[in-house]
Each structure stands twice: as structure tokens, then as C-alpha cells.
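Here are a few exercises to work through with the model open beside you. Try each task yourself before reading the solution.

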Amino acid sequence: MTPPDPRDRRATLAGADRALDPRAAQELRRLDRLAQLLDSRFRIPGTGIRFGLDGLIGLVPGLGDLATLAPSAYLLVQANRLGVSKATMLRMAGNTGIDFAIGAVPLLGDIFDIGFKANNRNVALLRADLENRTARASSPRP
């Protein structure tokens with residue numbers, strides 16, 4: 001099975017973002033690019049396995065995982081500024097915590113980072129929360 005074409009993904013995301021506040025949509029696209037860089041920017045040739053800087057930098061014992069925690073925390077701060085629900089923030093923080101805790105284990109953590117993709121998960125949660133909020137705000141009230 002071949003991986004989906006990233007251009008198709010961007011077109012789908014751009015269409016979904018049109019319903020959002022323009023400023024929130026722009027920030028969401030920026031955070032999505034950051035998450036892609038951290039979790040799935042590169043592909044192992046001949047496979048569908050994708051990885052990002054989180055997996056590469058995480059190879060440096062101890063310091064690598066601390067270094068990649070900063071952009072993951074930035075994503076959480078921005079999600080909070082965009083006003084996501086507390087439940088979504090807890091799920092996002094949980095993903096980041098799991099990624100950091102298991103990612104700190106040498107070798108096993110690096111393999112886990114490649115599969116788990118906490119930042120991509122967090123952007124998907126952020127997008128869903130913002131879209132749900134927008135849909136509720138625009139739906140007619142009885």
C-alpha cells in the first residue's frame with residue numbers, strides 16, 4: 001500500500017480550515033507544518049515509514065528527548081491560546097507526556113517515536129476541537 005500523497009492531504013486540510021476563523025486557520029496550518037517536521041517529514045526509501053526530527057534528535061541519549069520536548073510544549077501553549085477545551089488539552093498533554101517518557105528509553109523510545117507521532121496526533125486533536133467549536137457556534141439554536 002502506498003502512502004497518501006501529501007499534496008492531497010494539504011488540499012483536504014485547507015478545505016477544512018476554511019470554516020475556521022482566518023487567524024486560527026493560519027495558526028493551525030503553521031502548527032501542522034511544525035508537527036510534520038517533528039514527526040513525519042522524512043521517509044525511509046522504499047517503505048511507507050515516515051519519521052521526523054523528533055526521531056532523529058531523540059537518538060542523542062537524554063538531551064535529544066529534552067530538546068524535542070520544547071517544540072511539543074510550544075504546540076500545547078498555542079493550542080491553549082486558541083482556546084481548545086480542557087479535555088482536549090489533557091489528551092494533548094497526555095500524548096506529549098507518553099512521547100517524552102517512552103521516548104527517553106534508549107532505542108525502544110526511538111522506535112516508539114517513529115510509530116506514535118505525538119505531535120501529529122496533537123494537531124489532529126486541535127483541529128477537531130476547533131472545527132467542533134466552529135460548527136457549534138454556527139449551528140442555529142432552537
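**Exercise 1.** Work out which residues join H5 to H6, and how the two helices are oriented.

*Solution.* Start with the contact, meaning heavy atoms within 4.5 Å. On the H5 side you'll find Asn 95, Ile 98, Asp 99, Ile 102 and Gly 103, and they meet Gly 109, Phe 112, Asp 113 and Phe 116 in H6. Sorted by type, the residues of this contact are four nonpolar, three polar and two charged. (Ala, Val, Leu, Ile, Met, Phe, Trp, Tyr, Cys and Pro count as nonpolar, Asp, Glu, Lys and Arg as charged, and the others, Gly among them, as polar.)

Next, the geometry: H5 (residues 86-103) and H6 (residues 108-116) pack at an angle of about 150°, with axes 8 Å apart. Angles over 145 degrees count as roughly antiparallel and those under 35 as roughly parallel, so H5 and H6 are roughly antiparallel to each other.

A word on the source: this is a predicted model, where local features need pLDDT of at least 70 and side-chain atom pairs count only at pLDDT 80 or more, while totals for chains, interfaces and linings use all residues. Residues are numbered from 1 along each chain as its sequence is written, and side-chain values use heavy atoms, with hydrogens and water left out.

**Exercise 2.** Find out how H4 and H7 are oriented to each other.

*Solution.* H4 (residues 63-81) and H7 (residues 118-138) pack at about 5°, with axes 11 Å apart. They are therefore roughly parallel. Ser 72, Leu 75, Leu 76 and Ala 79 of H4 make the contact with Asn 119, Asn 122, Val 123 and Leu 126 of H7. This time the split is five nonpolar, three polar and no charged.

**Exercise 3.** Check whether the length of H4 is as expected or not.

*Solution.* The expected span is 1.5 Å times one less than the number of residues. For the 19 residues of H4 that gives 27 Å, and the end C-alpha atoms are 28 Å apart, which agrees.

**Exercise 4.** Track down the aromatic pairs in the whole structure and classify them.

*Solution.* Rings of Phe, Tyr and Trp (its six-membered ring) pair if their centres lie within 6.5 Å; planes under 30 degrees apart are stacked, over 60 edge-to-face, the rest tilted. The search finds two pairs. The ring centres of Phe 42 and Phe 51 are 5.7 Å apart with planes at 40°, so this pair is tilted. Phe 112 and Phe 116 are stacked, at 4.8 Å centre to centre and 20° between the planes.

Definitions and conventions:
Axes fitted to C-alpha atoms, helices over the stretch in contact; angles between N-to-C directions. Helix = DSSP H or I, 4+ residues; strand = E, 2+ residues; numbered from the N terminus. Parallel < 35°, antiparallel > 145°, perpendicular 65-115°, else oblique.
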